[in-house]
Amino acid sequence: MIEAQSKETVVCQRYAAGAKERAEKLCCPVEYEWEYLKVIPPEVIERDYGCGDPSRYLRDGETVLDLGSGTGKICFIAAQIVGPKGKVIGVDMTDEMLEVARRNAPIVAERIGYANVEFRKGRIQDLALDLELLDRELRQNPITDAASFLAADELAEELRVRHPLIISDSVDVVVSSCVLNLVEPKSKRQLFKEMFRVLKKGGRAVISDVVSDEEVPEEMQNDPELWSGCISGAFTEEGFLAAFEDAGFYGIQILKRDAEPWRTVNGIEFRSLTIEAFKGKQGECFERNQAVIYRGPFKEVLDDDNHRMERGRRYAVCDKAYNLYKKAPYHEFFEFVDPLVDVPLQKAKPFDCSRISLRHPKETKGQNYNATTEVNSKCCDGGSCC
Ligand SMILES: C[S@@+](CC[C@H](N)C(=O)[O-])C[C@H]1O[C@@H](n2cnc3c(N)ncnc32)[C@H](O)[C@@H]1O
């Protein structure tokens, strides 16, 4: 049973073998954009153990981090989408996977005309620790007793601080395909904290993973074959979204949910889900007399700060929320009402975001506003409304 070996060891061994030879059982059919596959060598494509394609949500110039990059396929696709001004970093803990990915990186670079991908060795729940640096140090000072074990622990901590594998606030998009489920239960919370740490403010996670429609019972979780096969470590559909929320992400949404399960085991369905979640709602709240109107179609919505807004009503929001709503994923759902007289940020007073209140139009226009105007000529452009 799995107690004899940690889940992580089992995962490492299974994917070390999967890097050397295609493991049919680990393959979940995914549709990629064909034009990006043309430059990727066959050994990378055939050892594809992903369950979704987060790369299709990337944009030109972005810095991307792929968690559990395997033989590198998502990284090589991402390299072409983000272009020469962008950058892609793949992180994996399995040497054999890194070997295939690194060997193929110069081939892809030559075919696309630039090199913007690199692969680093690390555990995705501990993205500060560079395992190759640690390997090097441990070769010089091997662990032989309790004292050297404790010294190694201290050294790891020093490496995290002085030479982090992925520095904080450095990444535009964290992507991953079929890896989060493989992380041990005790480290899953830390994994989400790490994703959050490395993202820039305003950055986002786009993650494809296998999720279950029911809780996975413990005996299935203790089955090494099911665990390392991307089945029994799966979050439930709702647990997956909640984990992002707990880590401080906002604007979380399902981008793609396979209607058909990839596998069904003991009546539990396991299918691919791709979600998007943003970092950046943290920070101070200032009053600049701005307002938003939820356009519908639902009668009301509840945002990630528990602000309930009814369709069509004008709500007072702080400057931070106003600017968040102006961007993806919210902008299409709101109308934006600026005050008639701008309140400069330097002069703005603190705004109490613990509650939500309506904003009277008089607050927008000013209490003494008393204008009477002619017909707005802009309204008649094209003759649509008069
Ligand atoms: C199912 S494969 C997916 C590979 C790749 N994303 C793809 O689309 O083909 C899982 C990969 O994640 C790596 N992996 C699993 N757990 C990991 C962890 N905790 N830290 C780093 N890599 C991990 C494995 O070595 C393997 O390469």
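What volume does the second largest pocket have? The second largest pocket measures about 260 Å³ in volume. That is a handy place to start a tour of the open and enclosed spaces in this structure, which is a predicted model.

## The second largest pocket

Thirteen residues might be a lot to take in at once, so start at the middle: among the 13 residues lining the second largest pocket, Leu 134, Leu 138, Ile 143, Ala 152 and Ala 156 sit nearest its centre. Two elements, helix 6 (131–140) and helix 7 (146–162), give two or more residues each to this lining. Helix 7 gives the most, with 5 residues. By class, the lining of the second largest pocket splits into 8 nonpolar and 5 charged residues, with no polar ones.

## The largest pocket

Next comes the largest pocket, which holds about 680 Å³ of space. Its lining has 26 residues, and those closest to the centre are Gly 251, Ile 252, Pro 329, Tyr 330 and Phe 333. If you are tracing the fold on screen, look for strand 5 (199–212), strand 7 (250–257), strand 9 (268–278) and strand 12 (300–302), each of which supplies at least two lining residues. Strand 7 gives the most to this lining, with 4 residues. Sorted by class, the lining of the largest pocket has 15 nonpolar, 4 polar and 7 charged residues.

## The cavities and the ligand

Now for the enclosed spaces: the structure holds 3 cavities of 30 Å³ or more. The largest cavity has a volume of about 410 Å³, and this is the space taken by the ligand. Of the 29 residues that line the largest cavity, Gly 68, Ser 69, Gly 70, Asp 92 and Val 179 lie nearest its centre. Helix 1 (7–20), helix 4 (73–82) and strand 2 (87–92) each bring at least two residues to that lining, and helix 1 has the largest share, 3 residues.

Which residues come nearest to the ligand? Of the 23 residues around the ligand, they are Tyr 49, Gly 68, Asp 92, Thr 94 and Gln 125. The shell around the ligand is made up of 11 nonpolar, 8 polar and 4 charged residues.

Several backbone atoms are worth finding here. A backbone N or O atom of Tyr 49 lies 2.9 Å from an oxygen atom of the ligand. On the nitrogen side, a polar backbone atom of Gly 68 is 2.8 Å from a ligand nitrogen atom, and a polar backbone atom of Ser 177 is 3.0 Å from a ligand nitrogen atom. Taken alone, the ligand exposes 600 Å², and the protein buries 99% of that area.

The second largest cavity has a volume of about 120 Å³. It is lined by 13 residues, with Asp 303, Asp 305, Ala 321, Leu 324 and Tyr 325 nearest its centre. Helix 12 (residues 319–325) contributes the largest share of this lining, 4 residues.

## Linings by class

Here are the linings set out by residue class.

| Space | Nonpolar | Polar | Charged |
|---|---|---|---|
| Largest pocket | 15 residues | 4 residues | 7 residues |
| Second largest pocket | 8 residues | no residues | 5 residues |
| Largest cavity | 12 residues | 10 residues | 7 residues |
| Second largest cavity | 7 residues | 1 residue | 5 residues |

Definitions and conventions:
Residues numbered from 1 in each chain as written. Predicted model: local features only at pLDDT ≥ 70, side-chain atom pairs only at ≥ 80, totals over all residues. Heavy atoms only, no water. Near = heavy atom within 4 Å. Polar contact = N/O pair within 3.5 Å; in protein donor to acceptor, adjacent residues only side chain to side chain. Areas by Shrake-Rupley, 256 points an atom, 1.4 Å probe, with all protein chains shown as cover. 1 Å grid on protein atoms, 1.4 Å probe; cavity = no way out; pocket = protein on both sides within 12 Å on 5 of 7 lines; lining within 4 Å. Sits in = over half its atoms within 2 Å of the grid points. Nonpolar A, V, L, I, M, F, W, Y, C, P; charged D, E, K, R; others polar. Points joined across faces, edges and corners; volume = space filled by probe spheres on them.
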